[in-house]
Amino acid sequence: MRGLDIRIMLAHERVSAIIDGRTCDSAIDEYTLGSHLEAHRLGYADAQRGRTEPPAIFRDEPILLSGWNDGVDAFTDEREMSACDGCNDGTGNPCHIHG
Ligand SMILES: [Zn+2]
């Protein structure tokens with residue numbers, strides 16, 4: 001199942017936080033940053049493949065949804081910049097829109 005490994009990673013991160021006496025909420029913190037980044041990676045890869053929906057298993061997890069959406073946005077921004085004349089004018093600098 002797509003994203004299951006990342007959802008399990010988040011569950012492990014939350015257990016670690018509880019063991020350390022921390023509270024678990026929907027915030028991205030030092031415990032949940034790893035699963036957030038993996039969700040970002042998956043969102044980027046999904047966008048490359050043309051997938052437009054996050055994994056169903058992410059639906060109740062704002063940390064994973066935001067990571068996945070950030071990954072999609074990163075791919076979209078890179079694709080736009082690669083096709084932008086202003087970003088590819090030979091100076092090596094992004095245009096005023098993407099800079
Ligand atoms: Zn540009």
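These legends describe four close-up views of a predicted model.

**View 1. The largest nonpolar core has 10 residues.** Its members are I6, L10, A39, L42, A47, F58, I63, L64, W68 and V72. Three helices, α1 (4-19), α2 (33-48) and α3 (62-82), each supply at least two residues of this core. The largest share comes from α3, with four residues. In soluble globular proteins, nonpolar side chains tend to be buried together. A39 belongs to this core. Setting aside neighbours within four places in sequence, A39 is in contact with I6, F58, L64, G67, W68 and G71.

**View 2. α1 packs against α2.** Two packed helices are described by the angle between their axes and the distance between the axes. For α1 and α2 the angle is about 170° and the axes are 9 Å apart. An angle over 145 degrees counts as roughly antiparallel, so α1 is roughly antiparallel to α2. The crossing of α1 past α2 is left-handed. From α1, the contact uses I6, M9, L10 and E13. From α2, G34, S35, E38, A39 and L42 take part. By class, the residues of this contact are five nonpolar, two polar and two charged.

**View 3. α2 packs against α3.** Here the angle is about 45°, and the axes are 6 Å apart. The two helices, α2 and α3, are therefore oblique to each other. α2 passes α3 in a right-handed crossing. The α2 side of the contact consists of S35, H36, L37, A39, H40, R41, L42, G43, Y44, D46, A47 and Q48. On the α3 side are I63, L64, G67, W68, N69, D70, G71, V72, A74, F75 and T76. The contact of α2 with α3 divides into 11 nonpolar, nine polar and three charged residues. A39 and L42 of α2 appear in this contact. Both residues also appear in the contact of α2 with α1.

**View 4. P54 sits in the loop between α2 and α3.** Is P54 buried or exposed? P54 has 22 other C-beta atoms within 10 Å. The cut-off for a buried residue is 20 or more, so P54 is buried. Leaving out residues up to four places away in sequence, P54 touches L65 and W68. Of these contacts, W68 is also a member of the largest nonpolar core. T91 lies 37 residues from P54 along the chain. The C-alpha atoms of P54 and T91 are separated by 36 Å.

Terms used
Residues numbered from 1 in each chain as written. Predicted model: local features only at pLDDT ≥ 70, side-chain atom pairs only at ≥ 80, totals over all residues. Core = buried A, V, L, I, M, F, W, Y, C linked by C-beta atoms within 7 Å. Buried ≥ 20, exposed ≤ 12 C-beta atoms within 10 Å, placed from the backbone. Contact = placed C-beta atoms within 7 Å. Axes fitted to C-alpha atoms, helices over the stretch in contact; angles between N-to-C directions. Parallel < 35°, antiparallel > 145°, perpendicular 65-115°, else oblique. Left-handed = near helix turned anticlockwise from the far one by under 90°. Nonpolar A, V, L, I, M, F, W, Y, C, P; charged D, E, K, R; others polar.
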